[in-house]
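Dear colleague,

I am passing on the structure below, together with notes on what came out of going through it. Please read the notes alongside the coordinates.

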2 protein chains.
Amino acid sequence: MDTRATDSTWEVLSSLVQANDTAGVRALLDTLEPFDVARAVSRLTLEDRTRLLEALEPAEAADLVAELSDAQAARLIEGLSVAKAAAILDEIPSDDQADLLGLMPNPEAILEEMSPLEASDARRLLDYRPDTAGGLMITEYLAFRGTQTVGEIVADLERNRGSYADYSVQYLYVVDDAAKLEGVLRMRDLVFSSPDAALSSVMIRNPISLNASAPLDDVRQFFERRNYLGVPVVEADGRLVGVVRPLAVAEETGRKTTRQFLRVSGIVGGEEFRTMPMFVRSGRRLSWLSINIVLNIVAASVIALYTDTLAAAIALAVFLPMISDMSGCSGNQAVAVSLRELTLGLVRPREVLRVIGKEAGVGAINGVVLGALLAGVAMIWKGNAYLGLIVGVSLAANTLLAVCLGGSLPLILKRVRLDPALVSGPLLTTVTDMCGFFLVLSLASLMLTRL
Amino acid sequence: MDTRATDSTWEVLSSLVQANDTAGVRALLDTLEPFDVARAVSRLTLEDRTRLLEALEPAEAADLVAELSDAQAARLIEGLSVAKAAAILDEIPSDDQADLLGLMPNPEAILEEMSPLEASDARRLLDYRPDTAGGLMITEYLAFRGTQTVGEIVADLERNRGSYADYSVQYLYVVDDAAKLEGVLRMRDLVFSSPDAALSSVMIRNPISLNASAPLDDVRQFFERRNYLGVPVVEADGRLVGVVRPLAVAEETGRKTTRQFLRVSGIVGGEEFRTMPMFVRSGRRLSWLSINIVLNIVAASVIALYTDTLAAAIALAVFLPMISDMSGCSGNQAVAVSLRELTLGLVRPREVLRVIGKEAGVGAINGVVLGALLAGVAMIWKGNAYLGLIVGVSLAANTLLAVCLGGSLPLILKRVRLDPALVSGPLLTTVTDMCGFFLVLSLASLMLTRL
């Protein structure tokens, strides 16, 4: 069988699903690379996708779901029967469970059907914000008492080999009667210790731990500093509640970067996939566009105030969209640098003046270069030095403004708790458009007899 | 001592560095959170930063460097004496070594000074592209022969506890005389095995491995499917050359997303930090802006062809920048969705027609809504239905074009091996500006008597 996936793989999958040929589906999925599985599945109709997941065993369905994005997976599971959804979620690690359930508007029915142990873990994780240590942790860890011996633990591990297979057993944790964290030991400490030794005698005491409410940035910096495979997470009272692995941190950081990127580009309300219904996609995009068009109308009203000037020097109309676009480009570069420095913690929201100081130089240089270029073009085109002067000075001044504003706006928005990724762009272009149009047209009004 | 970092922390650090007070520097750095270390260090002058790293022990300097971004760290290390740079790099894990050396224009002098073992590993990693399994792997793994016994290995591990501390010892690898990978065993397999057992009798044979040239996407999908802590990397001849951990994959994926975000915003040539010299920052931003201004001039030349029409109906000049900006916004939303779907492997470069089909619906709905809105505004403002008709129809048609083009352009650019993140935006706005201006002005020319 040719294992190379083609564009029509999903059609084959679709017909197998519609024929209820579960064996055929399994055989096909086995030959596909994960990329191709994700693509083929996401191209099925919602009905076929639902039928596919219902037909597979819960563990198989969980593997398949793992290859989709969280947003896609959550929507898919929501569409299943409650019993099936619960069975699939039982097969998924606790941190992913909570991520998926957190994306569903009403996860309670599914939680009711899940195995009580899994459901109680998932409920606990759902209480934490996804970008905190509590939201990032897994609850599959192994904890023992300090009075137990190395030999007992080795025997326990061997006995439960199967059920511990999903556990992250790099570290073993030692807790007291109240589940408070007392110590940690590594797997290899078991190898090197006498079977009779009590865990309390071989464990590392007072281990480093993170509070469940620690924000993502702190957790990320923790792992950047230390080459650990995991860190225990405790509640304020010292109770061990989970373990954060660096992988979960890197993945959440990536998700955060992706969300930021999408919001900067005007994709709001989470990721958009082309498999979503057209009206959902259209509506979400319109929600952002309709605010933008209002802002655009406000900005363009400056031009409306100067139609007489414009009529007297119609060549200016050629330059207005250019000054608007170029100022936007320059400003957005500064926005991107500020968003990045905010993410890395290299700049704080209150350092607005320092950022403006740093941007002013760049804005001045780039403004002069771009302004001179545009002035030259204008002079050559119309042979009028005043026209060149007007558009050149306007672009130079507006570039300086756009760069300073673009650099500082994300910091200011962060301080007033608005999302810098979402708001910086529209606000920046509105202000720079208004100023740019005003500069060109008011300068032109002053020199109207020379144009 | 108050451990809360203030904005002047860097000034304290700076004066300690200038006073050559290494003990004071250590004491200060110890009180700071990683975020604050990164911020304070990145705010020092290049001279002070260099002096700081020269004063610290190589291991301390390596810890400090780990808190900076790769781009910052590489520039800092490059500025040190070759001996110091080599000593610091010796203390850094092999994958990070290669990342940093790969960012230096001329790493050879430093490699010469590094410890021969570290240098040869780093050289080997430098030969791999950073976004392949070879570029992602670490070379700190433990490999043994199948004829060795479990007892020998446990003794070896215990003997070398110190020097193996940096190693990723979740798995042990078994290789033959030619270093070909024969098997793998987990740390816990040692715990549960008789000391007399040969490794070949307890290892998992024919373990899964990745080829060193496997691209990042394949490696990422590998770990999404499997809950492994690492996967061995082999050359085409089966020789074991390293181990990829899922963390390295998640981090590289995050870096790739970040680079894409920055390029979409017009930040080219790698990350920009405000600590870079002003002329470097200005020059890099200008390189992208100067191409943009040329494209803008090309687009605006359409307006120049219609100055007579514009002079006769000056109200149109108010709408030209709006149609340019709104079309750009609509198109960039589609670009972002396509870039994301390309990254996730949900769409292939050749599926241009499918994407256009999917976008056309959204573009048509949003075009009609936005066009109607703008038409209404124009009609109310000037009381002229023809003006409303012209700008409304133009915006509607241009939105449809922008959305279809924005969705398909990233795919087309990927096929012709241009960077979609960098090229999509400028190309999109040039085309949509030209078409938008042409639509408004040519429709107006047809209805000039009615305006």
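**Symmetry and interface**

Chain A is superposed on chain B by a rotation of 180° with 0.0 Å of shift along its axis, at an RMSD of 0.1 Å (a least-squares fit on the C-alpha atoms of residues with pLDDT of at least 70 in both copies). That is the relation of a two-fold axis, and the same surface serves both copies, since 99% of the contact residues of chain A recur in chain B.

This is a predicted model, in which local features need pLDDT of at least 70 and side-chain atom pairs count only at pLDDT 80 or more, whereas totals for chains, interfaces and linings use all residues. Residues are numbered from 1 along each chain as its sequence is written, while chains are lettered from A and ligands numbered from 1 in the order in which they are written.

In the interface, 94 residues of chain A are in contact with 93 residues of chain B (contact: C-beta atoms, placed from the backbone, within 7 Å). Helix α19 (residues 316-344) of chain A contributes the largest share of the chain A side, 19 residues (helices are DSSP runs of H or I, at least four residues, and strands runs of E, at least two, numbered from the N terminus).

**Domains**

An automatic or database assignment divides chain A into domain 1 (9-131), domain 2 (143-246) and domain 3 (278-450). The centres of domain 1 and domain 3 of chain A, taken over C-alpha atoms, are separated by 46 Å.

With regards

Definitions and conventions. Contact = placed C-beta atoms within 7 Å.
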